[in-house]
Amino acid sequence: METGKNKVGEGGAGVSERGMRVEKASAESEEAEGTEETEARERSGSGRESEKRLEEEGVSFGEILRALRRSRVRTEILMYLYKIYPKASYPAEISRNTGIDPTNVLGGLRGMGSRFDEANSLLKLGLVEKIERGNATYYRISERGKAFIESLKMP
């Protein structure tokens, strides 16, 4: 596989080999999804260990990967929070820095109506943590989210 090429199947958003770029495409079969998940795990130096650690915390590696592939918004928010780690950010700041509408940022973070189902939100997946300071709410990538992103990177 060439460096810099996106790992995108025929369905959903894809994460590049570097784990930074996302593209949107149409739906793909379960078999192809399984292949992408396997390839992502193989690319990581500690693929099985990272996968086990993620699954011990509730949601499987495959479920997280599917949720991110289905949503460019969730993926871009997660990558932005990874980039600024260990800092936390508030939704308006995330919106400004990613170019995503503030309503969609909230949807990706915590779910909202039928467009962003709560079960696949970054908070429910355990990839992002909510921090409340006074009247302000901040979001930061969790250790689980950080481990997930790092498991996708090339060794």
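Which backbone nitrogen lies 3.4 Å from a polar atom of the side chain of Thr-98? I looked this up first, keeping in mind that the model is predicted. The nitrogen belongs to Ile-100.

**Entry: Thr-98**

I stayed with this residue a little longer. Thr-98 is part of helix α5. Its relative accessible area is 18%, and since buried means under 20%, I noted Thr-98 as buried. I then asked for its contacts, leaving aside neighbours within four places in sequence, and found Glu-76 and Tyr-80.

**Entry: helix α6**

Next I turned to α6, which runs over residues 102-110. I began at its N-terminal end, where Asp-101 serves as the cap. A side-chain oxygen of Asp-101 lies 3.0 Å from the backbone nitrogen of Thr-103. Past the other end of the helix I found Gly-111, which follows α6 and has a positive phi, near 85°.

Which residues of α6 are buried? I listed Asn-104, Val-105, Gly-107, Gly-108 and Leu-109. I also checked what these buried residues pack against, and the list holds two helices and two strands: α4 (72-84) and α5 (91-98), with β4 (128-133) and β5 (136-141). Helix α5 is also where I had found Thr-98.

**Entry: aromatic pairs**

How many aromatic pairs does the structure hold? I found two. For each I wrote down the usual pair of descriptors, the distance of the centres and the angle of the planes.

One pair is Phe-61 with Phe-148, with ring centres 5.3 Å apart and planes at 50°, so I logged the pair as tilted. Phe-61 sits in helix α3 (residues 61-70) and Phe-148 in helix α7 (residues 143-152), so this pair ties together parts 87 residues apart in sequence. Both Phe-61 and Phe-148 are buried.

The other pair is Tyr-90 with Tyr-138, and I logged this one as edge-to-face, at 6.0 Å centre to centre and 80° between the planes. Tyr-90 belongs to the loop between α4 and α5, while Tyr-138 belongs to strand β5, so the pair ties together parts 48 residues apart in sequence.

Is Tyr-90 buried or partly exposed? Its relative accessible area is 33%, so I put Tyr-90 down as partly exposed.

**Entry: one more look at Tyr-138**

Before closing the notebook I checked the ring of Tyr-138 again. Which residue lies over its face? I found Arg-133 there, at 4.9 Å from the ring centre. Tyr-138 thus has two entries in my notes: the edge-to-face pair with Tyr-90 and the placement of Arg-133 over its face.

Technical notes
Residues numbered from 1 in each chain as written. Predicted model: local features only at pLDDT ≥ 70, side-chain atom pairs only at ≥ 80, totals over all residues. Heavy atoms only, no water. Buried < 20%, exposed > 50% of the residue type's maximum accessible area, 1.4 Å probe, protein only. Helix = DSSP H or I, 4+ residues; strand = E, 2+ residues; numbered from the N terminus. Contact = heavy atoms within 4.5 Å. Polar contact = N/O pair within 3.5 Å; in protein donor to acceptor, adjacent residues only side chain to side chain. Phe/Tyr/Trp six-rings, centres within 6.5 Å; stacked < 30°, edge-to-face > 60°. Lys NZ or Arg CZ within 6 Å of the ring centre and 35° of its normal.
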